[in-house]
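Colleague: I'd like to learn how to read a ligand site and its surroundings. Can we go through this one together?

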Amino acid sequence: MYGNAYIDPNEKFASVEETPELLASFQARIDRGEKIEPQDWMPAMYRKQLIRMIEQHAHSEIIGALPEGTWITRAPGFRRKLALMAKVQDEVGHAQLLYSAAETLGKSREDMMNDLITGKSKYSNIFNYPAKTWADSAVIAWLVDAGAIVNQLANSKGSYGPYCRALERICYEESFHLKYGHDNVVHLATGTSKQRQMVQEAMNRWWTPLMHFFGPSDKISVHTETLMRWKVKMASNDAMRQQFLDMYVPKIWDLGLTLPDPKLKKNEETGLWEYTEPDWEEFKRVINGDGPCNAERLAVRRMAEENGKWVANAIKNDEEKYVTPFA
Ligand code: BYC
């Protein structure tokens, strides 16, 4: 961790025993809707789960910059290039906010980065697929950002202060990304037959990863119950998937595009969308390192770490120089 006003919370609370009374009063704070802040006591498992989730989220943002980033040099036109560059830069900025939020829980940025590049930490399934055409970048900007907003808007009302505040800021920027992505998709869907075909093929490619994006179905989700009790997660995976389908399938169909699931329809009685259960075996393979682009994505991050080491060292040395006279 850079900076010198940092107290490791693991050390600060190491001698506090997790009694049933302490756990009950913590849960009561959550139930009352209070925010938990870094200096507050929290159960070890709450801390661990938050680190896992925020860290994965941060990794998803920097890895997520890569598929769209490959289109910066090939964007069709100067305005779209500028907009895409700004979007990709925003995503990296989101990672910074999230790494800072995770650091407040006691895991250093170096450790998080190390766990990413050694493959120990997960990141979102969806960024392990290639963005083959410009239309893929348009679909990502519209629908992956839309899915992210559904998730982040819900969780920004959660219990851990630093994560919620980071999510609120991120959502403002994601809303702009979504409009940028929608504009690109509309342009292609209302363009020439070649453009329509390109965006339809991209939609077909991204549909399964998008369905996976919200996490495994509630029946097989591991952490949802605990995380919802602690208000880290404010909606279950299936609830978020349903909200996404409800908001975006009609918009996709309105553009005359189709989706590669013949079962997809809204049941007007239950108000729920019916769909073919996505292939959860593919999901498991992808999140455990065996997707089409996992190796490539991590190789880029490893190279960035290697090439950027001199900057980190310069900052560290500079900090030492700066701190020493006042020590
Ligand atoms: N991908 O018990 P479950 C963006 C794992 S980037 C990978 O349901 P949980 C953007 C899960 O970790 C924003 N892994 O988990 C950037 C667990 O494994 P472990 C991306 C997944 O945590 C650039 C296991 O499966 N958003 O917007 O209760 C350009 C069991 O799952 C996934 C986030 O990162 C997945 N999709 O709920 C454009 C949101 N789903 O850890 C856009 C933050 C599940 O036990 N994360 N797993 O080994 C979350 O909200 C939650 O972690 C999830 C999963 C809803 C994703």
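**Reading the ligand site**

Modeller: Let's start with one contact: the side chain of Asn237 has an N or O atom 2.7 Å from an oxygen atom of the ligand. Before going on, note that this is a predicted model, where local features need pLDDT of at least 70, side-chain atom pairs count only at pLDDT 80 or more, and totals for chains, interfaces and linings use all residues. Residues are numbered from 1 along each chain as its sequence is written, and side-chain values use heavy atoms, with hydrogens and water left out.

Colleague: What counts as a polar contact?

Modeller: A pair of N or O atoms within 3.5 Å; within protein, one must be able to donate a hydrogen and the other to accept it, and residues adjacent in sequence count only if both atoms are side-chain atoms. Here, the side chain of Ser221 places an N or O atom 2.8 Å from an oxygen atom of the ligand. Phe213 uses a backbone N or O atom instead, 3.0 Å from a nitrogen atom of the ligand.

Colleague: How much of the ligand's accessible area does the protein cover?

Modeller: Accessible areas come from the Shrake-Rupley method with a 1.4 Å probe; for residues, only the protein chains shown count as cover. On its own the ligand has 1,000 Å² of accessible area, and the protein covers 91% of that.

Colleague: Which residues are closest to the ligand, and how many surround it?

Modeller: A residue is near a molecule if one of its heavy atoms lies within 4 Å of it. In this model 38 residues surround the ligand, the closest being Lys122, Asn151, His223, Lys233 and Asn237.

Colleague: What is the make-up of that shell by class?

Modeller: Ala, Val, Leu, Ile, Met, Phe, Trp, Tyr, Cys and Pro count as nonpolar, Asp, Glu, Lys and Arg as charged, and the others, Gly among them, as polar. The shell has 14 nonpolar, 15 polar and 9 charged residues.

Colleague: Which helix gives the largest share of the shell?

Modeller: Helices are DSSP runs (H or I, at least four residues), numbered from the N terminus. H3 gives the largest share, 8 residues. Helices that each supply at least two shell residues include H3 (44–69), H4 (78–103), H6 (134–155) and H10 (237–254).

Colleague: Now away from the ligand: is Glu91 buried or exposed?

Modeller: Buried means under 20% relative accessible area, exposed over 50%, and partly exposed in between (1.4 Å probe, protein chains only). Glu91 lies in helix H4 and counts as buried because its relative accessibility is 5%. Its side chain makes a polar contact of 3.1 Å with that of His177.

Colleague: And what about residues in the loops?

Modeller: Try Ser108, in the loop between H4 and helix H5 (109–117). With a relative accessible area of 18%, Ser108 is buried, and a polar atom of its side chain lies 3.1 Å from the backbone nitrogen of Asp111. Lys120 sits in the loop between H5 and H6; at 64% relative accessibility, Lys120 counts as exposed.

Colleague: Where is Lys231, and what is its phi?

Modeller: Lys231 is in the loop between H9 and H10. Its phi is near 55°, a positive value in a residue other than glycine. Lys231 is partly exposed, since its relative accessible area is 24%.
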